[in-house]
Amino acid sequence: MRIGEITPRKARDFVASWPVYARDRGSPLWMNPGELKTLQESNLRGQLELVAAFSPYYREVFRREKVAVGEIHTLQDLERIPVTSKESYLDNPISFLLVVDPPDPLDVTYEITYTSGTTTGAPAPFFNTAYDMFNISLQLRRMAEISWMTPEDTVVNLFPYGSLPHIGFYRTIHFASTVGMKLVNALVGKDAPGFALHRSVDEALGLVELHGASILAGTGRYERRLIMRGEQLGTDLSPVRTLMALGDTVPEGMRDEMRGHLHGAADVFVNNGYILTECQGPFVECCEFGGNHNPAPNIYHIEILDPDTLRPLPDGEVGLLAVTHIDRRGTVLLRYVVGDLAAREGGTCPYCGRSGDRLVVRMGSTYAVRAEEVIRVGGKLVNPEAVRNQLAGVSGMVEYQLVVEKEDPRNAFSPDRLIIRMSVAGRMRQDLEEEVIGRVCEATGIRPKVEFVQSPEIYDPTLALKATRFLDKR
Ligand SMILES: [Zn+2]
């Protein structure tokens with residue numbers, strides 16, 4: 001699906017033609033923006049009442065900061081509540097869990113997922129009650145609707161089956177189930193000692209071929225590797241029509257490259273959704289680069305904040321993404337600063353006509369950049385996005401990582417230097433080195449030093465959902 005190939009009319013006809021979507025008359029996505037705002041603000045007031053009564057963390061914040069919850073009626077009033085930092089959450093995740101008393105039958109804790117580990121801390125638990133699970137299931141069915149999935153699809157789940165429950169693996173099960181499509185869980189990843197469970201890339205490819213998968217769901221990086229291996233092995237991937245490429249940013253060059261390895265299948269929809277534990281599923285595209293739709297504006301409210309003042313920015317400007325839960329019962333976060341830079345737009349989508357927030361492309365060809373990744377090297381501001389775009393289509397490069405360090409690590413005043421570590425397959429190192437230096441120079445104005453390494457030294461997909469593309473050793 002590309003911009004220009006879809007219209008609001010086409011999207012409505014699609015919804016009408018599949019009973020699983022047509023019967024969803026309460027979908028917030030098809031409300032007009034005014035109706036949606038009324039729903040969001042009503043949900044917000046209900047959420048704040050619960051938080052004020054049952055959230056150990058926010059009760060303390062409201063008391064300390066003298067926040068009068070009863071005076072917060074609109075989404076704009078939210079500014080009266082201070083932002084919540086990642087550090088506060090990682091410090092004591094349990095204190096964000098609502099302790100509803102007396103509990104309703106749907107208040108039972110149903111499931112725990114974990115956030116990805118970050119440079120600022122270890123993975124943290126995120127609790128869902130039964131109420132949340134049912135809401136998330138609706139959210140995922142609407143996500144599938146935006147992505148043009150149907151009950152006739154067959155999805156292969158390529159998310160790692162790890163030792164901590166992450167939403168990538170589990171939400172794929174939920175979206176396939178809510179739509180009623182066939183699902184194969186490939187169980188990729190790394191065995192824990194004594195548990196011979198996981199499948200290799202080749203075995204996962206075998207399943208994709210055996211079941212004639214039309215949708216692959218996984219990280220963009222893993223899918224890229226799988227497709228390239230499939231091409232080498234001559235695997236029949238012709239039924240694949242959609243790549244749900246989540247977790248990593250997948251810029252334009254990489255999408256074209258993946259299509260190229262699928263025997264040039266020009267009509268394959270590479271859907272680079274933005275996935276975050278705090279919203280329990282991906283924001284997805286209705287068409288490539290058409291924006292990442294929040295599939296549940298009734299549950300999650302998105303703000304973009306000025307990184308210096310933490311005041312909300314107008315639509316379209318790049319700033320820190322903050323999430324406010326407006327209809328949750330387990331872990332509840334208000335104005336939670338995720339740590340990514342992004343831009344949003346409200347109103348209705350010009351491509352599919354749905355309401356609610358969409359993250360829009362403002363940096364290169366991706367939606368969000370981790371704020372911690374924007375780096376200063378020797379006085380130059382390096383936009384990692386630009387580097388990613390430059391390196392996405394380099395043939396022969398399997399993995400890469402940019403490292404910034406001091407020329408003399410013992411001397412804090414020595415100059416910075418930029419190193420690119422990379423692993424190579426099927427191409428002369430020297431030849432590749434020249435191309436990569438040229439491309440990085442173009443993106444940053446800095447001439448990097450090149451080091452050749454093995455792929456797992458850079459990124460082990462069995463251990464992390466997101467690769468660390470930049471490492472600051474200063
Ligand atoms: Zn749209």
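What arrangement do the four donor atoms around the zinc ion form? The legends below address this question and other details.

The model is predicted, so local features need pLDDT of at least 70 and side-chain atom pairs count only at pLDDT 80 or more, while totals for chains, interfaces and linings use all residues. Residues are numbered from 1 along each chain as its sequence is written, and side-chain values use heavy atoms, with hydrogens and water left out.

**Figure 1. The zinc ion and its protein donors.** C286 (SG), H293 (NE2), C349 (SG) and C352 (SG) lie 2.1 to 2.3 Å from the zinc ion (donors are N, O and S atoms within 2.8 Å of the metal, or 3.2 Å for Na, K and Ca). The four donor atoms subtend angles of 100 to 115 degrees, which makes the arrangement tetrahedral (four donors with all angles between 85 and 135 degrees). Along the sequence, the donor residues follow the spacing C-x6-H-x55-C-x2-C.

**Figure 2. Helix 8 and helix 9.** The axes of helix 8 (residues 201-210) and helix 9 (residues 220-233) come within 10 Å and cross at roughly 80 degrees; axes are lines fitted to C-alpha atoms over the stretch in contact, with angles from 0 to 180 degrees between N-to-C directions. Helix 8 is therefore roughly perpendicular to helix 9 (65 to 115 degrees). V201, D202, A204 and L205 of helix 8 make the contact with Y222, L226, R229, G230 and L233 of helix 9 (heavy atoms within 4.5 Å). Helices are DSSP runs of H or I with at least four residues, and strands are runs of E with at least two, numbered from the N terminus.

**Figure 3. The cis peptide bond between D101 and P102.** Omega is about 0 degrees for this bond. P102 is placed in the loop between helix 5 (86-91) and strand 1 (109-114).

Terms used:
Parallel < 35°, antiparallel > 145°, perpendicular 65-115°, else oblique. Tetrahedral: all angles 85-135°; square planar, octahedral: opposite > 155°, others 65-115°.
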